[in-house]
Amino acid sequence: MAGLSVENLTVRYGAVTAVRGVSFDVADGSVLGLVGESGSGKSTVARALVGLTPSAGTMRINGADLSSRQARRRVQLVFQDSRSSLDPRFTVEQCVMEGLVGFRRRDASARVAELLDLVSLDPAIARSRPGNLSGGQRQRVAIARALAARPDVLIADEVTASLDVSVQAVVLNLLRRLRAKLGLTMVFISHNLAVVQYMCDELAVMFNGRIVEFGPADEVIEQAEHPYTRSLLAAIPEMGQRRLLSESAVEASTVTDPPPSGGCAYRLRCPIGPAADPEREICRTLEPAATAGRVHRAACHFARERDESIVPRA
Ligand code: ADP
Ligand code: MG
């Protein structure tokens with residue numbers, strides 16, 4: 001049974017449809033990576049999962065519907081900027097305690113100390129305020145607070161994006177350790193494909209509010225089928241060396257097109273679509289659906305065609 005199951009999730013902000021009928025399953029104890037350029041809808045999926053934004057569709061954990069408030073606690077979100085998510089007036093202890101339920105005051109302090117230890121922080125840090133911590137320490141406090149609620153699913157939204165590369169590795173390794181130790185199911189969001197490959201079992205690539213490619217992480221990266229995924233890979237020349245990179249490469253490639261109505265939303269930028277080959281009329285008229293029944297699938301009419309010019313060197 002899927003740890004987390006999302007079906008036909010749609011989120012609108014007024015006239016803007018930020019997420020369009022997104023469906024995915026994350027097996028219990030595994031990590032799904034969600035990648036895509038800025039504005040593709042990743043954070044909106046995260047916010048919908050924790051009930052921070054109204055949405056249509058179904059979300060389940062181990063088969064149980066996520067619509068009640070109590071059930072929502074089973075999904076916890078950590079995001080990029082813990083400077084704004086941790087109240088600066090609180091001590092670290094108070095910040096982490098916010099996540100606890102059903103503890104008496106004395107037990108709560110002991111539990112906070114345990115949680116800080118779990119994220120490799122010195123429990124003495126409990127009396128500090130978030131403003132006096134480094135970015136990496138603050139992110140660990142935010143992770144401890146999320147774990148305080150004993151979630152089944154942890155959503156990490158660009159958790160390392162504002163950290164130095166060396167600190168990024170520390171936080172990523174911590175998440176990997178926690179996942180193994182606690183058996184967490186995770187949705188790991190990043191626009192950095194190198195980071196995602198390091199963290200994830202499966203990978204979903206988002207473009208314009210939809211998942212355009214899905215599959216085992218290594219397969220999606222090594223045998224990308226959607227031209228959009230391939231363009232993301234091509235934007236990271238160091239990818240072949242499996243290095244953790246600064247976030248700038250992909251961010252710089254970001255272009256925001258108005259989504260064309262009908263047909264494939266990627267066609268204006270697509271290097272193998274009608275902009276390159278006018279005979280590919282189908283891209284203008286029919287919205288591509290992902291190939292059903294395949295583990296690795298891409299929503300592109302010409303998905304399996306390789307365009308060697310944009311495939312990154314291994
Ligand atoms: P990502 O996390 O992939 O960068 P987001 O989920 O933040 O993408 O945004 C998806 C789309 O929704 C973007 O077009 C963004 O401008 C829009 N959007 C996000 N939040 C809001 C909001 N609160 N109100 C209106 N539009 C929003
Ligand atoms: Mg985001």
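Which charged end sits over the ring of Phe302, and how many Å from its centre?

The charged end of Arg280 does so, 3.7 Å from the centre of the Phe302 ring. A charge sits over a ring if NZ of Lys or CZ of Arg is within 6 Å of the ring centre and within 35 degrees of the ring normal. Another such contact places the charged end of Arg176 over the ring of Tyr198, 4.2 Å from its centre.

The model is predicted: local features need pLDDT of at least 70, side-chain atom pairs count only at pLDDT 80 or more, and totals for chains, interfaces and linings use all residues. Residues are numbered from 1 along each chain as its sequence is written, chains are lettered from A and ligands numbered from 1 in the order in which they are written, and side-chain values use heavy atoms, with hydrogens and water left out.

**Exercise 1. Describe the aromatic cluster that contains Phe207.**

Step 1. Rings of Phe, Tyr and Trp (its six-membered ring) pair if their centres lie within 6.5 Å; planes under 30 degrees apart count as stacked, over 60 as edge-to-face and the rest as tilted. The count by this rule is 3 aromatic pairs.

Step 2. Phe207 and Tyr228 form a tilted pair, with 4.8 Å from centre to centre and 50° between the planes. Phe207 belongs to strand 9 (residues 202-207) and Tyr228 to helix 10 (residues 227-234), 21 residues apart. Helices (H or I, at least four residues) and strands (E, at least two) are DSSP runs, numbered from the N terminus.

Step 3. Phe207 and Tyr266 have ring centres 5.1 Å apart and planes at 80°, so this pair is edge-to-face. Tyr266 lies in the loop between helix 11 (248-252) and helix 12 (282-285), so the pair ties strand 9 to a part 59 residues away in sequence.

Step 4. Ring pairs thus link Phe207, Tyr228 and Tyr266 into a cluster. Phe207 and Tyr228 are buried, as is Tyr266; buried means under 20% relative accessible area, exposed over 50%, and partly exposed in between (1.4 Å probe, protein chains only).

**Exercise 2. Locate the salt bridges of Glu7, Glu37 and Glu93.**

Step 1. A salt bridge is a side-chain nitrogen of Lys or Arg within 4 Å of a carboxyl oxygen of Asp or Glu. The count by this rule is 12 salt bridges.

Step 2. Glu7 meets Arg60 at 3.9 Å, N to O. Glu7 lies in strand 1 (residues 2-13) and Arg60 in strand 4 (residues 56-61), so the bridge ties together parts 53 residues apart in sequence. Glu7 is partly exposed at 43% relative accessibility, and Arg60 is partly exposed at 29%.

Step 3. Glu37 meets Arg269 at 2.8 Å, N to O. The bridge links the loop between strand 3 (31-35) and helix 1 (42-49), which holds Glu37, to the loop between helix 11 and helix 12, which holds Arg269, 232 residues apart. Glu37 is buried at 6% relative accessibility, whereas Arg269 is partly exposed at 22%.

Step 4. Glu93 meets Arg105 at 3.3 Å, N to O. Glu93 is in helix 4 (residues 92-97) and Arg105 in helix 5 (residues 105-118), 12 residues apart. Arg105 is exposed, with a relative accessible area of 55%, whereas Glu93 is buried, with 17%.
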